[in-house]
Amino acid sequence: MLAFQLAAKVGLALRSLLVPLLLEASPEAVLSKHPLIDLHVDLPIVLRILYSNNLSKVNYSGTLPGAVDLDRLRRGKSAGFFSIAFVECKSDGGDGFLSPTDSVRDTLEQIDLTRRLPDYFAQDVALATTPASVRSNFASDKISHLIGIEGAHSLGNSLASLRLYHELGVRYLTLTHTCHNAFADSAGSTTNETSAPLHGGLSAYGLRLIDEMNRLGMIVDLSHTSDDTARQALARSEAPVIFSHSGARSIYNHIRNVPDDILTSISEGKGQYEAVVGIPFLPDFVGSAPDQTVARVADHVEHVAALAGRSRVAIGSDFDGFLPPGIEGLDDVSKYRNLFAELAKRGWSENELAGLASGNFLRVFQKVLDVSERLQKKRKKLPDMKPWSNRTDLGKIPRASTFNVGN
Ligand SMILES: [Zn+2]
């Protein structure tokens, strides 16, 4: 072996020893010091399907069939997640969204599951509704459960529902799921079939929904929405928004991923919108086989970061929202570290990884609360009590009533 080859080899060996020691952030160290909050976990729908909502039958502290349970959350050094209230949407708008559904009841049942978990698993679980409560739960070694609702069809066309969901602790609302609703257009199915637009983005009622969410301090989530809905919501919202579980469309061309023009519009530069994008681990959004890998998930993170900034990324796994198998090495809540290790290898600092873990999201969350406070206190904004113009049931005497207008 020539001397320079030997020297190069020794140099390489030394480098591979020293670089991790000197430069690379350790995922374990990052996750021990900084809370990791996953923006989208569908645990409640698993509890509904497998246990008929009966928490007394749920072995959450042991092993559950999906990707989420306390044992694996602990092993994964998770500080918590948004536990999603999800009910299927049933209308594409052909009925004017006026057919009665069970969506409000079922959404309440989904919220109830998350709210009741601390009764059964008090040692490990605590609810969180503010950035401060996430941090204090982390300090006292409790796993924060925050509540999000996936799809404004869950409101039953009523802003009263939105206000009361907020009082129950819900802190984000995804504007649509896979159907259009009275407020906004959806992107379409999770299997990548686009829906023809109905409103062309947000309806007039959708604009009012965003205003009311800003007033309440409810985070606007734009995953699942059409691109036009997302662009219009970014322009309308006075507060920063999130994409709770969406990747980068330039890395994988799927309607559920965010296009470059929107990513560019949420960059750190002056006059830009502020948002964070929670990168999903759902294989179908990440890439086509064999590209469904940890490295490819990291590519999504890095693409969002390249266009918008490293302060614009978060984690939005979508665990329990899809059937196994997931991505090898990122297939349950015990494995977040593997994504952090991949990004550390690519030069992400401890601070940047802490931002990805939750710092970026908590910054946005705090700003949403600040905007709400400003709107309510300084501008004295009152609740929007005007009914949706298409409602036909209000202002009428119930048919089976003995109510007498003359009395
Ligand atoms: Zn979803």
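**Exercise 1. Strand pairing around S2**

Which residue of S2 is the bridge partner of isoleucine 37? Using this predicted model, identify that residue, then describe how S2 pairs with S1 and with S4.

*Solution.*
Step 1. The bridge partner of isoleucine 37 in S2 is glycine 80.
Step 2. The wider pairing is then examined. Strand S1, residues 37–41, and S2 run in the parallel sense and are joined over three bridges.
Step 3. Glycine 80 also has a bridge partner in S4, namely serine 144. S4 covers residues 143–150 and pairs with S2 in the parallel sense over six bridges.
Step 4. The burial of S2 remains to be settled. Six of the six residues in this strand, which spans 80–85, are buried, so S2 is largely enclosed by the rest of the structure.

**Exercise 2. The packing of H3 against H5**

Determine how helices H3 and H5 are oriented towards each other, and list the residues that form their contact.

*Solution.*
Step 1. H3 comprises residues 43–51 and H5 residues 103–120; their axes lie 9 Å apart and the packing angle is about 105°.
Step 2. Angles of 65 to 115 degrees count as roughly perpendicular, and H3 and H5 are therefore roughly perpendicular to each other.
Step 3. H3 contributes Pro44, Leu47 and Arg48 to the contact, while H5 contributes Gln110, Leu113 and Thr114.
Step 4. By residue class, this contact of H3 with H5 consists of three nonpolar, two polar and one charged.

**Exercise 3. H8, H14 and the loop at glycine 217**

Describe the crossing of H8 and H14, then place glycine 217 with respect to these helices.

*Solution.*
Step 1. The axes of H8 and H14 come within 6 Å of each other, with a crossing angle of roughly 95°. The two helices are therefore roughly perpendicular.
Step 2. On the H8 side the contact involves Asn214, Arg215 and Leu216; on the H14 side it involves Val371, Ser372, Leu375 and Gln376. These residues divide into three nonpolar, three polar and one charged.
Step 3. Glycine 217 belongs to the loop between H8 (204–216) and strand S6 (219–221). Apart from neighbours within four places in sequence, glycine 217 is in contact with Val368, Leu369 and Ser372.
Step 4. Is glycine 217 buried or exposed? It has 20 C-beta neighbours inside 10 Å and therefore counts as buried, the cut-off for burial being 20 or more.
Step 5. A distance completes the description of this position: the C-alpha atom of glycine 217 is separated by 22 Å from that of leucine 113, which is 104 residues apart from glycine 217 along the chain.
Step 6. H14 itself, residues 350–378, has a kink of about 65° centred on leucine 356. Just after this helix, lysine 380 adopts a positive phi of about 50°.

**Exercise 4. Cis peptide bonds**

Locate the cis peptide bonds that precede proline 290 and proline 325, and describe the setting of aspartate 291.

*Solution.*
Step 1. Alanine 289 and proline 290 are joined by a cis peptide bond with omega of about 5°. Proline 290 sits in the loop between H11 and H12.
Step 2. Aspartate 291 is also in the loop that links H11 (283–286) to H12 (294–308). With 13 C-beta neighbours inside 10 Å, aspartate 291 counts as partly exposed.
Step 3. The C-alpha atoms of aspartate 291 and tyrosine 252 are separated by 9.6 Å, although the two residues are 39 residues apart along the chain.
Step 4. The peptide bond from proline 324 to proline 325 is cis too, and its omega is near 5°. Proline 325 is in the loop between strand S9 (313–315) and helix H13 (336–345).

**Exercise 5. Asparagines with positive phi**

Compare asparagine 157 and asparagine 192 by phi, by location and by burial.

*Solution.*
Step 1. Asparagine 157 has a positive phi near 60°, and asparagine 192 has a positive phi near 80°.
Step 2. Asparagine 157 occupies the loop between S4 and helix H7 (159–167), whereas asparagine 192 occupies the loop between strand S5 (170–174) and H8.
Step 3. Asparagine 157, with 22 C-beta neighbours inside 10 Å, counts as buried. Asparagine 192, with 15 such neighbours, counts as partly exposed.

Note on methods: Residues are numbered from 1 along each chain as its sequence is written. This is a predicted model: local features need pLDDT of at least 70, side-chain atom pairs count only at pLDDT 80 or more; totals for chains, interfaces and linings use all residues. The bend at a residue is the angle between axes fitted to the seven residues ending there and the seven starting there. Helices (H or I, at least four residues) and strands (E, at least two) are DSSP runs, numbered from the N terminus. A residue is buried if 20 or more other C-beta atoms lie within 10 Å of its own, exposed if 12 or fewer, and partly exposed in between; C-beta atoms are placed from the backbone. Two residues are in contact if their C-beta atoms, placed from the backbone, lie within 7 Å. Two strands pair if DSSP finds at least two bridges between them. Axes are lines fitted to C-alpha atoms, for helices over the stretch in contact, and angles run from 0 to 180 degrees between N-to-C directions. Angles under 35 degrees count as roughly parallel, over 145 as roughly antiparallel, 65 to 115 as roughly perpendicular and the rest as oblique. Ala, Val, Leu, Ile, Met, Phe, Trp, Tyr, Cys and Pro count as nonpolar, Asp, Glu, Lys and Arg as charged, and the others, Gly among them, as polar.
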